[in-house]
Amino acid sequence: MGDPLTARGGMDDGIREACERYVADLFAPEDEVLVELRRAMGEAGLPQIYISAEEGKLLQVLLRAIGARHVLELGTLGGYSAIWIGRALPPDGRLVTIEKRADRAELAREFINRAGLTDRVKVMVGEAGSLLEGLSAEAPFDAVFIDADKEGYPAYLEWSAEHVRQGGLIIADNALKGGRVVERDSENPAVLGIQEFNRRVAQDSRFTSIIVPTRDGVAIALVN
Ligand code: DHB
Ligand code: MG
C-alpha cells in the first residue's frame, strides 16, 4: 500500500524541502536589500522568525489580486515582510507596520529606506493591542497581515474583520504554530491563541478562508 501521504500525492520531507527551494529560487529570488537585511537581523541577534521568501511572494500575489493600496501589518520584526508587502503596493500605496521594540523598528526603517519604500511604509512603535484603537481612524484597510504575539490573534482577527473592506484580506502567519495546532489539550497560550484564531477564521460566515501550509502555515480570510 505504501505511505498514505504518498498514495494521496504527497511526498517525503527531503523532496518537499527540495521543492520549496525550487519554488523559492524560481518565483521568489531575493535582491541585495533582502539578503543584507537577513544578515543584519542575524548580527543584531533577532530571532530567525521572519517569513520565507515564498511567503513574501504569496503575500504579493494576494495583495495585487485585490488591488491593495492600504495595508496594515502587525509585527514588523526587522522589516523583511514589510519590504515584500511594500513592493506589492502602487507608488501612492501605504503600509502601516507595528513593532513593539524600538531597536527592531529602527533596523526596519533603515532597510525600508534602502529599499526605497520610505514614502510607502510607516513603522510605528508600540503594542498592537494598544495602537489598534487609534488606527481605526485610518480604516478601511484593504488587507491586514497578522504576525505579532500569538495570544493576541483572536482579538486582532476581530479588529481586522471590522476594519478591512469587503473583498479585502486578513492574512496571518504561523497558522500551524510549528505543528502544535493539532494538540488537543494544550495549555500553551500561544497555541491556544492560534487554535482559537483558526476556529474563528474557519467558522465565521463573514469569511471565505483557508490555511495554505507554506512554511508555518498562512491563514487567508477573504472578507465577504
Ligand atoms: C514565532 C513567531 C513568529 O511570528 C514566527 O513566524 C515564528 C515563531 C515565535 O514567537 O516563536
Ligand atoms: Mg511569524
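What follows is a chat about a predicted model of one protein chain with a bound magnesium ion.

Colleague: I'm new to this one, so how many helices and strands does the chain have?

Modeller: This is a predicted model, and in it the chain has nine helices and seven strands. Along its principal axes, the C-alpha trace spans about 60 × 40 × 35 Å.

Colleague: And what does the radius of gyration say about how compact the chain is?

Modeller: The radius of gyration is 17 Å, close to the 17 Å that the globule rule gives for 224 residues, so the chain is as compact as a globular protein of that length. Of those 224 residues, 48% count as buried.

Colleague: What share of the contacts comes from residues 24 or more positions apart?

Modeller: If you take the contacts with a separation of 6 or more, residues 24 or more positions apart account for 69% of them.

Colleague: What about the surface and the charges?

Modeller: The accessible surface of the chain comes to about 11300 Å², and 52% of that belongs to carbon and sulfur atoms. As for charge, there are 26 positive and 36 negative side chains, with the centres of the two sets lying 2 Å apart.

Colleague: Now the metal. Which residues coordinate the magnesium ion?

Modeller: The magnesium ion (ligand 2) is coordinated by Asp147 (OD), Asp173 (OD) and Asn174 (OD1), at 1.9 to 2.1 Å. In sequence, these donor residues are spaced D-x25-D-N. Asp147 and Asn174 thereby link distant parts of the chain, being 27 residues apart, with Asp147 in the loop between β4 (141–146) and α8 (153–163) and Asn174 in the loop between β5 (164–172) and α9 (189–203).

Colleague: Are Asp147 and Asn174 buried or exposed?

Modeller: Both Asp147 and Asn174 are buried. Asp173, the remaining donor, is found in the loop between β5 and α9, and Asp173 also counts as buried because its relative accessible area is 0%, where the cut-off is under 20%.

Colleague: How far apart are Asp173 and Asp147 in space?

Modeller: Their C-alpha atoms are 5.3 Å apart, although the two residues are 26 residues apart in sequence.

Colleague: What else does Asp173 touch?

Modeller: Not counting residues up to four places away in sequence, Asp173 touches Ile51, Glu55, Phe145, Ile146, Asp147, Tyr153, Arg215 and Gly217.

Colleague: Arg215 is on that list, so where does Arg215 sit?

Modeller: Arg215 is in the loop between β6 (207–212) and β7 (218–223), and at 34% relative accessibility it counts as partly exposed. Its backbone deserves a look too, as phi of Arg215 is near 45°, a positive value in a residue other than glycine.

Colleague: Which other residue has a positive phi although it is not a glycine?

Modeller: Leu77 has a positive phi of about 55°. Leu77 lies in the loop between β1 (70–74) and α5 (80–86), and with a relative accessible area of 12% this residue is buried.

Colleague: Staying with the backbone, where is there a cis peptide bond?

Modeller: A cis peptide bond joins Ala139 and Pro140, with omega at about 5°, and Pro140 lies in the loop between α7 (128–135) and β4.

Colleague: Let's switch to the helices. What is Ser160 in contact with?

Modeller: Ser160 lies in helix α8 and, leaving aside neighbours within four places in sequence, is in contact with Val144, Ile146 and Ile170. Ser160 counts as buried, at 0% relative accessibility. Measuring on the model from C-alpha to C-alpha, Ser160 and Val223 are 9.6 Å apart in space and 63 residues apart in sequence.

Colleague: And Gly56, buried or exposed?

Modeller: Gly56, which is found in helix α4 (residues 53–65), counts as buried at 0% relative accessibility. Apart from neighbours within four places in sequence, Gly56 is in contact with Ile51 and Trp84. Ile51 is also among the residues that Asp173 touches.

Colleague: Last one: what is Gln195 in contact with?

Modeller: Gln195 is found in helix α9, and once neighbours within four places in sequence are left aside, Gln195 is in contact with Arg180, Val181 and Glu183. Gln195 is buried, with a relative accessible area of 11%.

Terms used: Residues numbered from 1 in each chain as written. Chains lettered and ligands numbered in written order. Predicted model: local features only at pLDDT ≥ 70, side-chain atom pairs only at ≥ 80, totals over all residues. Heavy atoms only, no water. Donors = N, O, S within 2.8 Å, 3.2 Å for Na, K, Ca; no water. Helix = DSSP H or I, 4+ residues; strand = E, 2+ residues; numbered from the N terminus. Buried < 20%, exposed > 50% of the residue type's maximum accessible area, 1.4 Å probe, protein only. Rg over C-alpha atoms; globule rule 2.2 N^0.38 Å. Contact = heavy atoms within 4.5 Å. Areas by Shrake-Rupley, 256 points an atom, 1.4 Å probe, with all protein chains shown as cover. Lys, Arg positive; Asp, Glu negative; His and termini not counted. Charge placed at Lys NZ, Arg CZ, Asp CG, Glu CD.
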